[in-house]
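Biologist: Please show me the model. I would like to ask about a few of its residues.

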Amino acid sequence: MSRSRLLVTIVSILLALGSLLWLADVLIRLYASLSFVSPLLANLVLGVVLALLTTLIASLIYYAVLFLRPPRRKQPAKTFVEKTDAATETLRAVERQVAQIQDEVVRQALLDRSREIQAILSQGPLHLLVFGTGSAGKTSIVNAIVGRMVGQVGAPMGTTTLGETYSFQLRGLEREIWITDTPGILETGVAGTEREQLARQLATEADLLLFVLDNDLRQSEYEPLRSLVRIGKRSLIVLNKSDLYTEADREAILARLRQRVQSIVAAEDVVAIAANPQVVVLENGDRFQPEPDILPLLRRIAAILRLEGEDLIADNILLQSQRLGEEARRLLDAQRLRQAEKIVDRFQWIGAGVVSVTPLPGIDLLATAAVNAQMVVELGQVYGCELNIERGKELAFSLARTLVSLGVVRGAIELFSIALQTNIGTFVIGRAIQGVTAAYLTRIAGKSFIEYFRRNQEWGDGGITEAVQMQFQLNRRDEFIKAFVQTAIDRVVKPLTQTD
């Protein structure tokens, strides 16, 4: 119990006792006065007063107990549980996507990464990463932290092209802590750029980022720091080599740093240290090596990991799960696109052959024939949309009408009339034009439907018209038309010539 609370309790008890004595005296006098008039009335009044007094005393005791009871500690926020559940559900969704990937090697690699993420979520280490320019003294910080926590800097537990990783334990935390050094950012040359990209990638996978500086923050350093904070990376800004500055200069630099990063990093997360202080020459000429001054950093790391460690793990796992899901979706989309393009390629030449053998009398019929309902159904199956043939016909006719209304059919006929007349004889020109045009229109339609299914059966803001126009523009470039005509000659014109 606190001293102020104890004092209030003592004063309250004394006041209550004084009040009781005064009340007792009043009751005795009242009872004596009433007894001379009517003993029955005196007993009745006394009973009522005693009942009220008992109720009052019980109420005082009840509220006193509430007052003296120590306050309940607030239950910790359930953010860790919520984030853990979100990460777990994301991983399940990723595994469902990965199961659809046909490439066995890629599928197994993604499943392995998913299981690694799940293992880290349950019992993995907290991962600290030291990030910054090459001259800021990152390696000295790692050595100082590991040496302080472990007693010596031994062999690293893991070495990569990015740097070395050490492990240590922090009192009060069940999880092991890993700390990784990385190459410097902002290095010149191709090799330096590649190392920086790898370092940034590793930074996105860390739980806590130590962003090391040796002076005020430059704009070139601020940009990568801001980008990492924006994706949710918990960051500490570490001003190293503070022994090179006077106390006034050091405080001035810290004040400028805190002001510049106040929108992305809290003031208490900007600390100054000296991981490898300069040698001091004593008056007698001896050289003295001061101990690393890293206590401010260690205290802040310990405070963050003890209070936020589990949330940092959950945040990081959720981020990694989402990124893995994006990668799985990208691979699955590429696989589906390859399958869908094969379907379009197959149907466009089937349609071309049918129209070439049996020419259609009108443009509308040509547009209708260019879009095969079965192709729509098969494209839907690739993207997990089960359509019956009737729904396929509805979609096919709708797109065919759009092809006609936009003038795509007439434009395609004119385009291939000119292209084919320079390549084939006149005796098959009519049927060839219709066949090649049918193939081309089927391609436009198929490509449009691919985008339709990729958008979860939505045409987008511009509707079906914009989707068709976009595909028509993409598939009328000179290089494509030349290659398409040459393929058409092999698949449509030559069979016609052999038949005749």
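Modeller: A cut-off comes first: buried means under 20% relative accessible area, exposed means over 50%, and partly exposed lies in between. Keep in mind that this is a predicted model.

Biologist: Is phenylalanine 288 buried, exposed or partly exposed?

Modeller: Phenylalanine 288 sits in strand E9, residues 287-288. Its relative accessibility is 45%. Values between 20% and 50% fall in the middle class, so phenylalanine 288 counts as partly exposed.

Biologist: Which residues make the nonpolar surface patch of about 250 Å²?

Modeller: Phenylalanine 288 has 45% relative accessibility. Patch residues need over 30%. Phe288 belongs to the patch, and its partners there are Val280 and Leu282.

Biologist: Is phenylalanine 211 buried or exposed?

Modeller: Phenylalanine 211 lies in strand E5, residues 208-213. Leaving aside neighbours within four places in sequence, its contacts include Phe131, Ile185, Leu236 and Val238. Its relative accessible area is 1%. The cut-off is under 20%, so phenylalanine 211 is buried.

Biologist: What distance separates the C-alpha atoms of phenylalanine 211 and serine 235?

Modeller: Along the chain, phenylalanine 211 and serine 235 are 24 residues apart. In space, their C-alpha atoms are separated by 6.8 Å.

Biologist: What is the phi of glutamine 457?

Modeller: Most residues other than glycine have a negative phi. Glutamine 457 lies in the loop between helix H14 and helix H15. It is not a glycine, yet its phi is positive, at about 60°.

Biologist: Where does lysine 241 lie?

Modeller: Lysine 241 also has a positive phi, near 60°. With 27% relative accessibility, it counts as partly exposed. Its place is the loop between strand E6 and helix H8.

Note on methods: Residues numbered from 1 in each chain as written. Predicted model: local features only at pLDDT ≥ 70, side-chain atom pairs only at ≥ 80, totals over all residues. Heavy atoms only, no water. Helix = DSSP H or I, 4+ residues; strand = E, 2+ residues; numbered from the N terminus. Buried < 20%, exposed > 50% of the residue type's maximum accessible area, 1.4 Å probe, protein only. Patch = residues over 30% accessible without salt bridge, like charges linked within 9 Å, V, L, I, M, F, W, Y side chains within 5 Å. Areas by Shrake-Rupley, 256 points an atom, 1.4 Å probe, with all protein chains shown as cover. Salt bridge = Lys/Arg side-chain N within 4 Å of Asp/Glu carboxyl O. Contact = heavy atoms within 4.5 Å.
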